[in-house]
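Let's take a walk through a structure together. Have the picture open while you read, and turn it around as we go.

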Number of protein chains: 2
Amino acid sequence: MRHPRSAAATKSAADAWGAVTELLMSGIGQARFHSACQSIDVTPPALKALLSMVPGVANPMRTIAVNLRCDASWVTSLVDTLEARGLVERRVSPTDRRVKTIALTEAGTVAKAAALATLNVPPPEMDALTREEQTQLRDLLRKLQHAHNI
Amino acid sequence: MRHPRSAAATKSAADAWGAVTELLMSGIGQARFHSACQSIDVTPPALKALLSMVPGVANPMRTIAVNLRCDASWVTSLVDTLEARGLVERRVSPTDRRVKTIALTEAGTVAKAAALATLNVPPPEMDALTREEQTQLRDLLRKLQHAHNI
DNA sequence: CCGATATCCTTGAGTTTATCAAGTATCGAG
DNA sequence: CTCGATACTTGATAAACTCAAGGATATCGG
């Protein structure tokens, strides 16, 4: 293991991490998410799907199903509606004709960005951090995210 | 104000917060939430409801509906099932006989804590950070947590 | 090559999760 | 007291999912 965890470090990290998840899950998150949906006029499940996609990256539907923890058939209907709205595009994989990869269209990319603009409005708690700290926090989380996407 | 927000400061806060939401909403969050539900054997909506409650605090059902952004009647059925499981208790408000306040029972408090224990496990991606960075992240999140609890 | 087997997506049926409309009980203002 | 508003509940719908089955394509062992 590259960075061994002491028991104490693990526990306090869990506490801190938990505090943020709780903040996001039980309070602010729900509200923000709904208004983000309204702002780009899509349903909540559709936004979840959009958020799981990255501009320029075309993933198989199966991957989306795994990420969203839902049945593959549900992804089919989600993509159906998103495609009807022109936010997303089905492509047949060149290497495997069974799989269809899904890519954000131009409009989809814009829509996702708009939704994020709503979601990213920082909560007032953020004022407790100085600017340097905010930047630090962003960079650390980015690193986590990067590690996740590998 | 301790840390006045310039346009730049607002941006850095948005970036930082955006990193949090993106990480939790589109990746790790979904998965964690589902396993937390399994760990205490409740449905996802039931867990959302549990998370919105605080031990020792009895809120009107209406408040829960507002927090969850859902119809009041849906809260009725959620509370029905939670009450049937003994996790929650209906009380008639002493000041207004129309309102029923909902309080976590002993079992409910335990269940919520157990669910949080699952949610609070720091993601394995944490290993991508050095020990120093982990500590830094923890402290930043702590500060955020503290600001929230004031 | 060929069949057996597995995976990917889709379709249709069924269940769970939620919203809407209406009803009862209570409150508060006039 | 009467009226209008609010809190919760109930029952009927709609939305958001899961499950079972099927057609198309890939992969593997013979």
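## Two chains and two DNA strands

The residues of the surface near DNA strand C split into nine nonpolar, four polar and seven charged. Keep in mind that this is a predicted model. There are 20 residues around DNA strand C, and those that come nearest are Arg62(A), Ser73(A), Pro45(B), Cys70(B) and Trp74(B). Both chains take part: helix H3 (61-68) and H4 of chain A, along with helix H3 (44-51) and H5 of chain B, each supply at least two residues of this surface. H4(A) has the largest share, four residues.

Now for the other DNA strand. DNA strand D is surrounded by 20 residues, and the closest are Thr43(A), Pro45(A), Arg97(A), Arg62(B) and Ser73(B). Here helix H2 (44-51) and helix H4 (72-84) of chain A, plus H4 and helix H5 (72-84) of chain B, each give at least two residues. Here is how the two DNA surfaces look side by side:

| Surface near | Gives the most | Nonpolar, polar and charged residues |
|---|---|---|
| DNA strand C | H4(A), four residues | nine nonpolar, four polar, seven charged |
| DNA strand D | H5(B), four residues | nine nonpolar, four polar, seven charged |

Next, the place where the chains meet. The contact takes 53 residues from chain B and 52 residues from chain A. On the chain B side, the elements that give two or more residues are helix H1 (7-26), helix H2 (28-40), helix H4 (61-68), helix H6 (106-119) and helix H7 (131-149) of chain B. H1(B) gives the most to that side, with 16 residues. Sorted by kind, the residues on the side of chain B that touches chain A are 27 nonpolar, 16 polar and 10 charged.

How are the chains arranged? Two copies of a chain are related by a rotation about an axis and a shift along it. In this model, chain B can be laid on chain A with an RMSD of 2.0 Å by a turn of 179° and a shift of 0.3 Å along the axis. That is the relation of a two-fold axis. What's more, 92% of the interface residues of chain B are also interface residues in chain A, so the copies meet through the same surface.

Let's zoom in on chain B. How do H4(B) and H5(B) pack? Their axes are 9 Å apart and make an angle of about 110°, which means H4(B) is roughly perpendicular to H5(B). From H4(B), Met61(B), Arg62(B), Ile64(B) and Ala65(B) meet Ala72(B), Val75(B) and Val79(B) of H5(B). The residues of this contact are six nonpolar, no polar and one charged.

Last stop: the sheet. Strands of a sheet pair through backbone hydrogen bonds, either parallel or antiparallel. In chain B, three strands form an open sheet in the order S1-S3-S2, with antiparallel pairing. Strand S1 (59-60) and strand S2 (88-92) of chain B stand at the edges with a single partner strand each, so one side of each has no neighbour in the sheet. S1(B) is joined by two bridges to strand S3 (residues 100-104) of chain B, and this pair runs antiparallel. Which residue of S3(B) is the bridge partner of Pro60(B)? That is Thr101(B). H5(B) packs on this sheet too, touching S2 and S3 of chain B, and its direction makes about 115° with that of S2(B).

Methods
Residues are numbered from 1 along each chain as its sequence is written. Chains are lettered from A and ligands numbered from 1 in the order in which they are written. This is a predicted model: local features need pLDDT of at least 70, side-chain atom pairs count only at pLDDT 80 or more; totals for chains, interfaces and linings use all residues. Two residues are in contact if their C-beta atoms, placed from the backbone, lie within 7 Å. Ala, Val, Leu, Ile, Met, Phe, Trp, Tyr, Cys and Pro count as nonpolar, Asp, Glu, Lys and Arg as charged, and the others, Gly among them, as polar. A residue is near a molecule or strand if its C-beta atom, placed from the backbone, lies within 6 Å of it. Two strands pair if DSSP finds at least two bridges between them. Axes are lines fitted to C-alpha atoms, for helices over the stretch in contact, and angles run from 0 to 180 degrees between N-to-C directions. Copies are superposed by least squares on the C-alpha atoms of residues with pLDDT of at least 70 in both. Angles under 35 degrees count as roughly parallel, over 145 as roughly antiparallel, 65 to 115 as roughly perpendicular and the rest as oblique.
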